[in-house]
Amino acid sequence: MRTLTELDLPRDKTHRNQGDAPLARETVDPQGGAGSSRAHESAIKHVTGRAAYIDDIPSPADTLHVALGLSPVAHGRLTRLDLERVKAAPGVVDVITLADVPGHTDIGPVFPGDPLFASEEISYVGQCLFAVAAESHQAARLAVKEAVVEIDEWPASLDPVAAAEREDFVRPTHVHERGDWRHALREAPHVLEGEQFVGGQEHFYLEGQACLVQPTEDEGVMVYTSNQHPSETQKLVAEVLGIPFHAVTMEMRRMGGGFGGKETQASPWACIAALIARRTGHATKIRLPRAEDSRATGKRHPFHNRYRLGFDAQGVLAGGEITVIGDCGYSPDLSDAIVDRAMFHSDNAYSLGDARVTGQRAKTHKASNTAFRGFGGPQGMMIIERAMDDIARHLGEDPLTIRKRNLYREGRDITHYGQRVEQLGLLHDIVAQLETSSDYWARRREIAAFNAQSSIVKKGLALTPVKFGISFTVQHLNQAGALLLVYTDGSVMINHGGTEMGQGLHTKVCQVVARELGLDLARVRISATRTDKVPNTSPTAASSGADLNGQAARDAACKLRERLFDFAAAHFDREAGGLDRESMRLEAGHLVAGIGEAEQRIPWGELIQAAYMGRVSLSEKGFYATPLIHYDRATGRGRPFYYYAFGAAVAEVEVDTLSGEYWVSRADILHDVGDSLNPAIDIGQIEGGFIQGMGWLTSEELVWNDAGRLVSDGPATYKIPAFGDLPETFNVELLQGHPNSQASIYRSKAVGEPPFMLAISVWSALRDALAGLADYRVSPALDTPATPERVLMAAEALRQAHATPTTRPDHAPA
């Protein structure tokens, strides 16, 4: 039998991916505090299968299992819902509808519009009509099929552009306006306009929506949930049950992926399970099958974007207008803030000049679209990146040249919403460094020569930057708390309000505590996120997890450290001849005081024992609120972001223009994380974000049929990137020597969302390759996802529009 490497595979696919990105690894730092590369705190559990998720939690023997009755139509009126046969089905214990909700029936996270169950009007395929609780999951699912459901079906609105034209919105239109953009368009030597469709994206988390609810004494419930926002779910469960918040406790140890899909849309299932648990007195579990999960939950918002921009002979923008239309689905959910962020990022890294940016929130009869990594920012960036390519082709310049001329710079450093862009030199340095390290111009010449000789296979190259604002744009969410416990053996437990979904947040928070207390990382442990330890938490979203919760944990550790110093100065003054309070520090597991020959060292364990015997509190709470940020929505002005994270990527592609098939042969990334909290984890986030973004822009296609039913509801019809889709050469580097200009945690920068948008370079490179079919005189339209089918259609359109007559030799027959 032949080995894998002996199989008849293309030669370039038989070798491991090449690149200079280091593997996650332990470093020589013996303590592993913040700033060093340490493995994820659950890494071994992940790879050995010992990490417990919701479905792994041992359930009581009498646990009930829930299945849902979902609407089969997109829009209509529910005329009959007969559940008598469901109730009589074998194993069924309880059946509930909207009439059985004792408290609030609308669980909209910000604005109303999300009923727990549909009552009369049906708004999308997959809307929950009723829930069945049975002794087994199979019994519950079989019972659902016994329901008699009659719906008077109405026409469904599935086109967001048409909805916007008739002003059918889930929230009002919002506008950013700076300068006289009309004058800029009138006076500009050149004006271009264009539009694009930017597809949505399924979260496709490995662990689907799941929760386990146990009734507690009195009227309460204990909820184990896969959830990015436990405090919001706590609130909604309490309101649905009509009980105080303190009667509901949420616990969340880890998620098997979230990406935004469990920020608001984990709450309905917890509410339903809690209702049944309180009604029956049994523990209750919900675990959505993949297809039902896909149909019942929202996605990344698809967007329809338009631009009309004026520019000079050098391609420098004078101003213009941009419109972004978000397909929000049937209800507001988080669409107000998501479309806002698309507007905030419609400039990406470029000064728009005098500009108006309009954001519209179209209502359609689909599941309410929701948060997804980047939170609207990626969709907003796409339109200006299209414009940069279009301007370059119009002027006969290289797209990188046009991008560099339009980067924010001195004198052009104010955004269209009034925030000043700081660290301008860093933005230019990233592009310049990557331009050099990736050999951009040499490769550009090689690709041009290749394309001139190759009529079928075309290569493309693109370098695109990223400027991404860090903070929740809703001001009150920019806060976090932490609880620090030190036990008498010197071991430390930290709890905070953030949630772990694989991104390494818990690891970084432990590293922060270890650094502040001068301890080995092994002495610090994290506990599950619980609402009875740290209350009123913000969602783990907006790339803010480490910024907020790391600062809260640091605050707790600093306060406890100072208390220990005060105690040591008084206590050891009597028993050890005195310690210098001003020179005290914690390092390498010791309290150290004095310098040089006068240095005195007391082991951490001895210090803690003495403090306990001296009746000193060994626990502390921490809190942090992000400073400086503000935004006046009435004027569209403010500073919604504490700082910006920057990055840039170069992607090279090869396209078979006869089939539309393509592959990414190389990617080079240089990304700004300030002074990294954990370089190995940050590099992993950059790699993962880039590949996920590449999937969004190339292969992950959401398809609804004319009746509004999601067709791409599983891995057979929805294609996320696989290992073989990685670029063969994949170079990832963290920018060095540029700490955050703002006082973030140890001057680091967030790394969750910004790398996602580096993948725009792949889409731009595909357009570059296609432009080679028309001698780079045309900037081809290419909506996303840029599937091979779309690439092929774009190639055929270019050939037809720019075909040249074939000249026959003189001796050829007529």
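Two strands pair if DSSP finds at least two bridges between them, and strands (E, at least two residues) and helices (H or I, at least four residues) are DSSP runs numbered from the N terminus. The structure is a predicted model, in which local features need pLDDT of at least 70 and side-chain atom pairs count only at pLDDT 80 or more, while totals for chains, interfaces and linings use all residues. Residues are numbered from 1 along each chain as its sequence is written, and side-chain values use heavy atoms, with hydrogens and water left out.

**Exercise 1. Find the strands that pair with strand 5, and describe how covered strand 5 is.**

Step 1: Strand 1 (residues 64-70) is joined to strand 5 by six bridges in the antiparallel sense, and within this pairing Gly69 has Phe130 of strand 5 as its bridge partner.
Step 2: Strand 3 (residues 92-96) also pairs with strand 5 in the antiparallel sense, over four bridges, and here Asp94 is matched with Ala133.
Step 3: Buried means under 20% relative accessible area, exposed over 50%, and partly exposed in between (1.4 Å probe, protein chains only). In strand 5 (residues 128-134), seven of its seven residues are buried.

**Exercise 2. Work out which strand is joined to strand 16, and by how many bridges.**

Step 1: Strand 16 spans residues 457-470, and 13 of its 14 residues are buried.
Step 2: Strand 27 (residues 643-656) runs antiparallel to strand 16, and 14 bridges join the two.
Step 3: As an example of the pairing, the bridge partner of Phe468 is Ala645 in strand 27.

**Exercise 3. Describe the largest cavity and the residues that line it.**

Step 1: On a 1 Å grid over the protein atoms alone, a cavity is a set of points where a 1.4 Å probe fits but cannot get out, and a pocket is an open set with protein on both sides within 12 Å along at least five of seven lines; lining residues have an atom within 4 Å of a point. Grid points are joined across faces, edges and corners, and a volume is the space filled by probe spheres set on the points.
Step 2: The count comes to eight cavities of 30 Å³ or more, and the largest cavity has a volume of about 290 Å³.
Step 3: The largest cavity is lined by 18 residues, and those closest to its centre are Ile107, Asp114, Tyr124, Pro268 and Tyr330.
Step 4: At least three lining residues come from each of domain 1 (54-155 + 235-245 + 256-284) and domain 2 (303-473 + 633-803), where the domain bounds come from an automatic or database domain assignment.

**Exercise 4. State what lines the second largest pocket.**

Step 1: The second largest pocket holds about 500 Å³ of space, and among its 19 lining residues Tyr662, Thr698, Ser699, Asp725 and Pro788 lie nearest its centre.
Step 2: Strand 28 (662-671), helix 17 (679-698) and helix 19 (788-801) each give two or more residues to this lining, and strand 28 has the largest share, with three residues.

**Exercise 5. Locate Glu167 and Pro785, and say what marks the backbone at each.**

Step 1: Glu167 lies in the loop between helix 4 (160-165) and strand 7 (169-178), and its phi is positive, about 60 degrees, although Glu167 is not a glycine.
Step 2: Glu167 counts as exposed because its relative accessibility is 63%.
Step 3: Pro785 is placed in the loop between helix 18 (760-771) and helix 19, and the peptide bond from Thr784 to Pro785 is cis, with omega near 0 degrees.
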